[in-house]
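Dear colleague,

I am passing on the structure we spoke about, with the sequence alongside. Please look through the model first, and then read the notes placed after it.

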Amino acid sequence: MSWFERVRGFIARAWPIARWPILIGIGFAIGFVLPYTLALDHRVRTRVTEIEFTQPTRVFGAPQLIEAGVPMNAATLALELQMAGYTRVASVARVPGTYSETGGKFEIASRGYPDPDGGELPRRIRVTLGGGAIQSVFDLTANKPLRKTHLDPARIATLYGSEQEERIVVKLDELPPLLVQGVQAVEDRDFKNNHGIDFSSIARALLADLRAGKKVQGASTITQQLVRNLFLDRNKTLVRKFNEALLSILLDAHYSKGEILTAYCNEVFLGQQGNQAVHGFAAASWFYFGRPVQALRPQEIALLVGIVQGPSYYDPRRFPERALGRRNLALDAFHTTGLLTDAQWQAARTAPLDVTPKPQLVVDRFPAFMQVVREQLKHDFSDQQLANGGLAVYTTLDPAAQAYAEDALDETLKGLGKRADKLEGAVVVVEPSTGNVLAMVGGRESDLHGFNRAYDARRPVGSSLKPFYYLMALTDPARWNVASLLDDSPIAMKLPNGKLWTPQNDDHISHGQVTMVEALAKSYNLASVHLGLALGVDRVAKFLRSFGLQDVQANPSLLLGAVDMSPFQLAQLYEFFADDGHALPLLTLRGVLGAKGQVLKQYATKPGRGEYQQAERLVRWMMQQVTQYGTAAAIGNSGLAGLHVAGKTGTSDHQRDSWFSGFTGDRLAVAWMGRDDNQPTHLWGATGALRVWINLFRKLPSAPLDASFGNDIQYAWIDPSTGEGSLPECDGAQQFPFIAGFAPQVQNHCYLQRLENLFDGGSGNGATQPAAGTHP
């Protein structure tokens, strides 16, 4: 009997018994396996074809301008670099994201960045500091002087979607070739030839496991790892294993090796910080090394590839020895497969891990500032776009200014001792020429989310409002000037409700006739109220409303600052004086880029013609007297005198609120101190908020306020006791500025004094400076 006949006979005998299982198996395959496979196939095609990896929106501060003449000191530049994730090195800074500093000279290897204004290319620069400013900038890459550049901005926040995934999507050709080839050398050497699963690898892994008596070797291909990340949970069941194998085969059938590898490099899990999971090599590069993946060295690429097997177990910050061993295994694989030469391999193996001390992954560094950013963004972008759109938001925040503002409030509170127990504070810092908000502190716990006192707290501003109706008076130069005498006598007014209003000076003394500048400098309430009444309270209220103030009631108490404002609003108001009569709106945003780098939105303001500029410059001069001999004389008596600061203190009724608003040539800052329960603080503007301001500007580099006014303003000698023109040699004569053509005529010729000087041989120059005030 032939072999064929024997087989046919066996089938004939077995068929009656086997036919039902076979038919059932065929039916199962047709009725379940085939539809199941088709369903998985559809899932694969849909998931990968439409794959839109979740990318959070990243929020950045402002890039630091590096140009000769920019106010800067070594501590601030180092702080700016550290906040941007730069690492200081002892040797020459060559790796992007590093810097070195010796004797006021910084060598910086910048990383480059895109932004709505175009961004910068990576370059190595030398920055020389001196005299409180940048002296020179030299391009070490091009070996020539550089007029100006910018450092890449610090990442200050991240807006995550529900999945809380940190990811930067890149194309395969945007990754270093060593990384692309290295991940195959370590994870799946037969990746280019297998069909989603590798049976030879499975056999080798089983053999190794049997020899060891435990699981010691994995057999998953890159395709299988991607399938697990995209489609499956972590349960180790036979059903999941079957699904993994089937999905891997289907994935390999539908997509090219390049597409699979691209998806893998963007999806692979590589670390965790809090609730945020780090996915993909591009995001992991920033997370561990603080620079783009394209700038990584072989040993750093090997670390990322090595920890794929267990990012938590091989965490280089928590378990550096494990991570080092795993990295070296990856380097060995690179060397074995010919990706590294002997010299490269040996050098990389002896290199340290060099991960940054802290993860370069920021959720929300500055909650008060970010609250305003979010509010402004919501006008132009949906919540879905912000959570998952991979946007890059560029803001105006200056990290060093923010850090100094936080420190200034902390130092002031500590200096007050027990009096600070229930005190709160807020600070807003602005660049007047642009309206850009550089810093915002919402409370003493500046790093916590909560009530934002800088933006949301509305408190009476007290004397902070006085400069604005003094401005109103000076717009009528034929009637009012800085030397006009104001009556500082007591006031008793019957209000419409029948109550008697009797305002007081803070020192409870009436000073008689005083010049306008002295009244503002020393914050005399009675003189200011007399001025406001002469102008008309209704007109003053209307004038203030023209600046955008709301809820301004035409009551006499308005003249003493009975208007509730936030520090942010008061900064907006003082922007008018700080920018020479331009009331620019305050901005926290510069622009937004899409996931592909395209500009989606730019935010900027263009100043129009200044308003009331002649009068405004006179008020600015008077506010400079506030800091020289008035209620903020502590500035003039400190090391900040050279900044020629203009400002005004403010104290609300019963000392519930302490304010100071002041500006230099390039910075405006408003500080507030008070209590959330609105109880008295026992602080004046000069003993609370002014201290915060001074502590801030002791560290913050800033340019002096220009004291020149142009041809529209002229100086003249004045007798302060009469407000009339005087010869300069007369006793007590002072030089005041006036709108051109409106200086008082000389009335005081002091003939008798000049005659006495003639016989006595005196110089005849009796010019004096007003006495310093002792109250806020």
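What follows is an account of what was found in the model, going from the whole chain to single residues.

Please bear in mind throughout that this is a predicted model. The protein has 776 residues, of which 53% are buried, and its secondary structure comes to 23 helices and 31 strands. Of the contacts between residues at least 6 apart in sequence, 69% join residues that are at least 24 apart.

Helices

Helix α15, which spans residues 466-474, is mostly covered, since 9 of its 9 residues are buried. Among these buried residues are Lys466, Pro467 and the two tyrosines, Tyr469 and Tyr470.

The pair formed by α9 and α10 may interest you for its geometry, and two packed helices are described by the angle between their axes and the distance between the axes. Here the axes of α9 and α10 come within 8 Å and cross at roughly 105°, and α9 is therefore roughly perpendicular to α10. On the α9 side the contact is made by Pro298, Gln299, Ile301, Ala302, Leu303, Val305 and Gly306, while α10 contributes Ala323, Arg326, Arg327, Ala330, Leu331 and Phe334. Sorted by character, the residues of this contact divide into 9 nonpolar, 2 polar and 2 charged.

The loop between α9 (298-306) and α10 (320-336) holds Asp315. Which side chain of opposite charge is nearest to Asp315, and how far away is it? The nearest is Arg318, at 4.6 Å, and Asp315 is buried yet has no salt bridge. A salt bridge would need the nitrogen and the carboxyl oxygen to be within 4 Å, so a separation of 4.6 Å does not count. Not counting residues up to four places away in sequence, Asp315 touches Pro320 and Ala323, and Ala323 also belongs to the α10 side of the helix contact described above.

Salt bridges

The count of salt bridges comes to 30, and three of them are set out here with their surroundings.

In one of them, Asp354 pairs with Arg297, and the closest N and O atoms are 3.3 Å apart. Asp354 sits in the loop between α11 (342-350) and α12 (367-377), whereas Arg297 sits in the loop between α8 (281-289) and α9, so the pair ties together parts that are 57 residues apart in sequence. Both partners are partly exposed, Asp354 with a relative accessible area of 39% and Arg297 with one of 28%. These two residues are also linked with Arg291 and Glu300 in a network of salt bridges.

In another, Glu411 pairs with Lys699, with 2.8 Å between the closest N and O atoms. This pair links distant parts of the chain, for Glu411 is in helix α14 (residues 399-415) and Lys699 is in the loop between α22 (689-697) and β28 (713-719), 288 residues apart. Glu411 is partly exposed, at a relative accessible area of 35%, and Lys699 is likewise partly exposed, at 29%.

Asp580 forms a salt bridge with Arg620, where the closest N and O atoms are 2.8 Å apart. Asp580 lies in the loop between α19 (567-578) and β23 (589-593) and Arg620 in helix α20, 40 residues away in sequence. Are the two partners buried or exposed? Asp580 is partly exposed, with a relative accessible area of 21%, while Arg620, at 7% relative accessibility, counts as buried.

Single residues in loops

Ala632 is found in the loop between α20 (613-628) and α21 (633-636), and it is buried, with a relative accessible area of 0%. Leaving aside its neighbours within four places in sequence, Ala632 is in contact with Val626, Thr627, Thr649, Phe660 and Leu690. From C-alpha to C-alpha, Ala632 is 8.7 Å from Lys522, although 110 residues separate the two in sequence.

Two residues deserve a look for their backbone angles, given that most residues other than glycine have a negative phi. Asn143, in the loop between β7 (133-139) and β8 (144-145), has a positive phi of about 60° although it is not a glycine, and at 60% relative accessibility Asn143 counts as exposed. His682, in the loop between β27 (668-675) and α22, has a positive phi near 65°, and His682 counts as exposed at 56% relative accessibility.

With best wishes

Definitions and conventions. Residues are numbered from 1 along each chain as its sequence is written. This is a predicted model: local features need pLDDT of at least 70, side-chain atom pairs count only at pLDDT 80 or more; totals for chains, interfaces and linings use all residues. Side-chain values use heavy atoms; hydrogens and water are left out. Helices (H or I, at least four residues) and strands (E, at least two) are DSSP runs, numbered from the N terminus. Buried means under 20% relative accessible area, exposed over 50%, partly exposed in between (1.4 Å probe, protein chains only). Lys and Arg count as positive and Asp and Glu as negative; His and the chain ends are not counted. Contact means heavy atoms within 4.5 Å. Axes are lines fitted to C-alpha atoms, for helices over the stretch in contact, and angles run from 0 to 180 degrees between N-to-C directions. Angles under 35 degrees count as roughly parallel, over 145 as roughly antiparallel, 65 to 115 as roughly perpendicular and the rest as oblique. Ala, Val, Leu, Ile, Met, Phe, Trp, Tyr, Cys and Pro count as nonpolar, Asp, Glu, Lys and Arg as charged, and the others, Gly among them, as polar.
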